[in-house]
Amino acid sequence: MIPLSRLKRLAREHGTPLFVLDHDEIRRNYAELKKHLPRIQVYYAVKANSDPAIVKTLFQAGASFDVASISEFRIVHRNIEGLPPKKRQDYIWDKIIYANPIKATETLSELDPYKPLVTYDNYEEIRKMRKYSPHAGLVLRIRVPNTGSMVELSSKFGAAPGEAVDLIEAARAAGFTVEGISFHVGSQATNFDNYIQALQISADILQEARLRGHHGLKHLDIGGGFPAPYDNKVRPFRELADLLNAEIDRLFTRDITILAEPGRFLVATAASLVVKIIGKARRDRKLCYYVDDGIYGTYSGILFDHCQYHLESFQKGPTEICSVFGPTCDALDTISTVENLPDLKLGDLLYTRNIGAYSNASSTNFNGFPPAKVVHVNQ
Ligand SMILES: Cc1ncc(COP(=O)(O)O)c(C=O)c1O
């Protein structure tokens with residue numbers, strides 16, 4: 001974690017709002033994943049934070065990538081091309097999976113020359129891909145329980161387990177190779193039972209597929225969802241890894257390659273944000289601070305990611321419960337109504353830890369406020 005004194009110095013040097021990204025922390029998170037899940041090939045979910053510098057750092061650490069739009073594909077392609085890989089890869093597609101089950105026809109056409117590995121979960125998509133991306137390799141995304149996850153995904157994506165093998169058959173009939181199945185238990189999945197159930201459902205589908213003559217499925221993609229340690233209620237990652245390893249070894253033979261698509265776990269703890277107090281008022285006796293970044297900027301995850309961030313002061317002193325608002329004219333731009341902060345002056349700085357995932361990735365420039373400047377340390 002970047003020491004407070006350094007964070008403050010960087011903010012004085014570069015101005016605020018300042019997003020400080022620590023590449024050593026990204027490497028540590030990647031190494032922790034690999035240490036505890038040695039059987040798994042990690043595909044970093046670029047949507048969590050698509051900064052090209054993160055792509056380069058993770059590529060050099062040995063990661064592959066999960067992209068969900070053509071622009072994410074281009075970012076990865078551009079930034080890994082020419083870099084010496086840790087391990088020689090024969091094809092670019094050992095390095096990228098296009099893991100959005102719904103793809104525009106233009107996207108499919110642009111991807112097709114790369115013989116992409118893409119996910120799908122419905123019949124219409126098979127028809128589309130047959131026309132626009134006939135060289136794709138397919139991975140069937142199935143629907144699994146998302147109970148208790150901070151961000152739920154199963155209402156939008158995933159074939160019902162009961163129709164999974166029919167969809168495999170339909171893709172085969174359309175001339176595709178179905179290379180595996182994938183799932184996502186929802187983001188910030190602190191309920192580990194979701195993984196246990198999803199692995200059992202996947203094993204049952206693989207078995208049914210084999211019984212019906214489909215022996216070519218060789219990948220299981222267990223998605224993302226690995227929780228970041230936002231607070232001490234999140235159980236240690238090692239506990240989840242032990243469960244995953246035991247269930248994977250019990251249910252899947254060694255010839256099945258296991259992939260994962262973690263986003264949040266790799267980057268959430270790698271960034272801190274420093275903001276400046278630009279306004280102060282008492283409203284109904286409650287102290288209100290106004291800072292130079294908000295819901296339309298780096299704190300956008302409060303809205304889109306359902307993640308509640310906290311602000312802390314560099315100064316000590318008696319505290320009271322305050323509201324903290326962003327800089328725009330909109331009342332939705334409320335970062336928190338329950339922050340415990342001391343009596344501070346205009347120009348004083350506040351900071352937020354663990355804000356590297358789904359934060360500046362979804363910021364806008366509403367009202368003309370520019371996004372926070374990004375500073376990379378230990379790059
Ligand atoms: C298909 C897919 N893979 C991976 C991820 C990354 O998930 P997480 O950041 O929870 O690890 C997401 C997140 O929405 C996703 O939709």
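The questions and answers below concern a predicted model of a protein.

Q: How many helices and strands does the secondary structure of the protein come to?
A: The protein is a chain of 379 residues. Its secondary structure contains both kinds of element, and the count comes to 11 helices and 16 strands.

Q: Why is the protein described as being as compact as a globular protein of its length?
A: The C-alpha atoms fill a box of roughly 70 × 40 × 35 Å along the principal axes. For 379 residues the globule rule gives a radius of gyration of 21 Å. The protein is as compact as a globular protein of that length because its own radius is close to that figure, at 22 Å.

Q: What percentage of the residues of the protein count as buried?
A: A residue counts as buried when its relative accessible area is under 20%. The surface that the protein exposes is about 16,500 Å², of which carbon and sulfur atoms supply 51%. Of the 379 residues, the share that counts as buried is 56%.

Q: What share of the contacts with a separation of 6 or more comes from residues 24 or more positions apart?
A: Contacts here join residues with a separation of 6 or more along the chain. Within that set, residues 24 or more positions apart account for 73%.

Q: How far apart do the centres of the positive and negative side chains lie?
A: The protein has 46 positive side chains and 44 negative ones. Each set has a centre, and the two centres lie apart by 4 Å.

Q: Is strand 6 largely enclosed by the rest of the structure or exposed?
A: Strand 6 covers residues 137–141, and it runs parallel to strand 5 (residues 117–120), to which 4 bridges join it. G137, V139 and R141 point one way from strand 6, while L138 and L140 point the other way, and all are buried. Since 5 of the 5 residues are buried, strand 6 is largely enclosed by the rest of the structure.

Q: Which residue stands opposite V139 in strand 6?
A: Strand 5 and strand 6 run parallel and are joined by 4 bridges. Opposite V139 in strand 6 stands T119.

Q: In which sense does strand 13 pair with strand 14?
A: Strand 13 (residues 319–325) pairs with strand 11 (residues 286–291) in the parallel sense over 4 bridges, and the bridge partner of C288 in strand 13 is S323. Towards strand 14 (residues 334–342), V324 stands opposite S336. The pairing of strand 13 with strand 14 has 6 bridges, and its sense is antiparallel.

Q: Is S363 buried or partly exposed?
A: S363 lies in the loop between strand 15 (349–352) and strand 16 (373–377). Leaving aside residues up to four places away in sequence, S363 touches Y296, G297, T298, S300 and P371. Buried requires a relative accessible area under 20%. S363 has 23% relative accessibility, so it counts as partly exposed.

Q: What is the approximate phi of N367?
A: Most residues other than glycine have a negative phi. N367, in the loop between strand 15 and strand 16, is partly exposed at 40% relative accessibility. N367 is not a glycine, yet its phi is positive, at about 70 degrees.

Q: Is the peptide bond from T16 to P17 cis or trans?
A: Most peptide bonds are trans. P17 is found in the loop between helix 1 (4–14) and strand 1 (18–22). The bond from T16 to P17 has omega near -5 degrees and is cis.

Notes: Residues are numbered from 1 along each chain as its sequence is written. This is a predicted model: local features need pLDDT of at least 70, side-chain atom pairs count only at pLDDT 80 or more; totals for chains, interfaces and linings use all residues. Side-chain values use heavy atoms; hydrogens and water are left out. Helices (H or I, at least four residues) and strands (E, at least two) are DSSP runs, numbered from the N terminus. The radius of gyration is taken over C-alpha atoms; the globule rule is 2.2 Å times the number of residues to the power 0.38. Buried means under 20% relative accessible area, exposed over 50%, partly exposed in between (1.4 Å probe, protein chains only). Contact means heavy atoms within 4.5 Å. Accessible areas come from the Shrake-Rupley method with a 1.4 Å probe; for residues, only the protein chains shown count as cover. Lys and Arg count as positive and Asp and Glu as negative; His and the chain ends are not counted. The place of a charge is taken as NZ of Lys, CZ of Arg, CG of Asp or CD of Glu. Two strands pair if DSSP finds at least two bridges between them.
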